Number of protein chains: 2
Amino acid sequence: MCDDEPQIVRALRVILREAGYEVSMAATLAEGLDLAAREPPDAAIIDVVLPDGSGIELCAELRSWSTMPIVVLSALDDEEQKVLALRAGADDYITKPFSARELLASLEAVFRRVVASDEEATVTVKGLEINFAAHTVLRDGREVKLTPIEFKLLSALARNRGRLMTSRALLSEVWGSAYANDAPLLRTHIANLRHKIEGPDAKAWLYIQTEAGVGYRFL
Amino acid sequence: MCDDEPQIVRALRVILREAGYEVSMAATLAEGLDLAAREPPDAAIIDVVLPDGSGIELCAELRSWSTMPIVVLSALDDEEQKVLALRAGADDYITKPFSARELLASLEAVFRRVVASDEEATVTVKGLEINFAAHTVLRDGREVKLTPIEFKLLSALARNRGRLMTSRALLSEVWGSAYANDAPLLRTHIANLRHKIEGPDAKAWLYIQTEAGVGYRFL
DNA sequence: CACGACCGTCACGAAATCGTTATGCGTCGG
DNA sequence: CCGACGCATAACGATTTCGTGACGGTCGTG
């Protein structure tokens, strides 16, 4: 659980303990990241607003190396934010105030979903296999070497496969919200990424389509 | 394996043997309990319906004194029952009919998940054998002497074999969270460790791959 | 046809990261 | 008391990776 409001923390702890879960807590983004890395929990509950950043960033960060179920809490019922959270890899989005039953139901649903599609840590599309847990990409069986940023970029795209992602969304997910307007930056990295996952010689883009003026789409 | 339907028993035995597992069988709840106590297996596969009781009971019974991975088989895809089984301590729930691949995937997933708390497992990869209980490492039969920290480091990597571990995760697991940012520390110990488990002279790293900017991967 | 908007590509300097070696400190056993 | 050992830290060269700016191509519009 990652939240900085004492009330919420207390309430959550009681609810979860009572339901038989073991709970460990962090108050900031950094702490949450550290905690999750040190003793990986079965699931994560994250508040959107944290002292040192956005819970959605933390969500994306966790998703880059873990498949644990993630539930995001938010004070406002904003459709936009909800979509952002889910795109960043969250499994559910709950708005405060919420009832204990609501939260527990969400958790159980998320658990069921994960057990069912367990180890869906790998996405395969047209001969391109992306393994999130191992941080590897294979094209027709051969490994493709990607830089950290290229992998984050590809992950963000692949997690939303089929959907169009705006340049703004991609930039803030990979580089952080400070870079949200740096379109040229995104262009060069998309170019580099394409050359690695498409063949060295490719006439048409097979995996990453560009939607002029809007963004990019994976598939 | 604990099941009373001859067809299933035969099929399972073939599937598991073929995958390299050693199999012992029991037909009833009582037999299963007895077998598990007499020669504790690495994992248990239990049918929900047994002649003398419920497989879920057996599951709970085993859980009271063992941490072995447990997979529950059921003829009906009942959400309610699935939750019951998982609550009783099962690690996965598979509905019949199931494919061989499905079962094996489940088993592997469950093994990976449980290995963390399993102290008596021994991992062998490409001539490198790591015995967690005995704290020993053998390369091609010859013992390799490791310092305590080197062994902890190798263990952390080997327990998550195939997966990429963040430098941050490795540091907090081996040295504690206070060192989570001390990348240079990790580097030198990785270097020392490599020189001991790879030959004294090795052109490419066989066991520990490095993913620049992210972390390390064992395999 | 001229123009602007947008995209893909290339090249280059700055910064980050990695592997390695060396040094100093503390501990333990002989 | 002294040497051996494990460990943390520092330093350095080599390589990789990143961000930026410039350039050319394409498309749609007036």
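1. A quick definition before anything else: helices here are DSSP runs of H or I with at least four residues, numbered from the N terminus. Keep in mind too that this is a predicted model. With that settled, the surface near DNA strand D draws at least two residues from each of four helices: H6 (148–159) and H8 (183–197) of chain A, and H6 (148–159) and H8 (183–197) of chain B.

2. Staying with strand D, 19 residues sit around it, and those that come nearest are Thr147(A), Ile149(A), Thr147(B), Pro148(B) and Ile149(B). By residue class, this surface splits into eleven nonpolar, four polar and four charged.

3. Now the other DNA strand. Strand C is surrounded by 18 residues, with Ala191(A), Thr210(A), Thr188(B), Ala191(B) and Thr210(B) the closest. H8 of chain A and H8 of chain B are the elements giving two or more residues to this surface. Its make-up is eight nonpolar, six polar and four charged residues.

4. How do H6(B) and H8(B) pack against each other? Their axes are 10 Å apart, at an angle of about 85°. Angles of 65 to 115 degrees count as roughly perpendicular, so that is the label for H6(B) relative to H8(B). On the H6(B) side, the contact uses Ile149(B), Glu150(B), Leu153(B) and Leu154(B); these meet His189(B), Asn192(B), Leu193(B) and Lys196(B) of H8(B). The tally for this contact is four nonpolar, two polar and two charged residues. Note that Ile149(B) turns up twice: in this helix contact and among the residues that come nearest to strand D.

5. On to the contact between the chains: chain B puts in 18 residues and chain A eleven. For the chain B side, the elements giving two or more residues are helix H5 (100–115), strand E10 (164–166) and helix H7 (167–174). H7(B) gives the most to that side, with four residues. Sorted by class, the chain B side has seven nonpolar, five polar and six charged residues.

6. Last, a look at helix H2 of chain B, residues 29–38. Which residues of this helix are buried? They include Leu29(B), Gly32(B) and Ala36(B). Looking down the axis of H2(B), the buried residues fall within an arc of 60°, so they line one face of the helix. Asp34(B), Ala37(B) and Arg38(B), on the other side of H2(B), are exposed.

Definitions and conventions
Residues numbered from 1 in each chain as written. Chains lettered and ligands numbered in written order. Predicted model: local features only at pLDDT ≥ 70, side-chain atom pairs only at ≥ 80, totals over all residues. Near = placed C-beta within 6 Å. Nonpolar A, V, L, I, M, F, W, Y, C, P; charged D, E, K, R; others polar. Buried ≥ 20, exposed ≤ 12 C-beta atoms within 10 Å, placed from the backbone. Arc of directions from axis to C-beta. Axes fitted to C-alpha atoms, helices over the stretch in contact; angles between N-to-C directions. Parallel < 35°, antiparallel > 145°, perpendicular 65-115°, else oblique. Contact = placed C-beta atoms within 7 Å.
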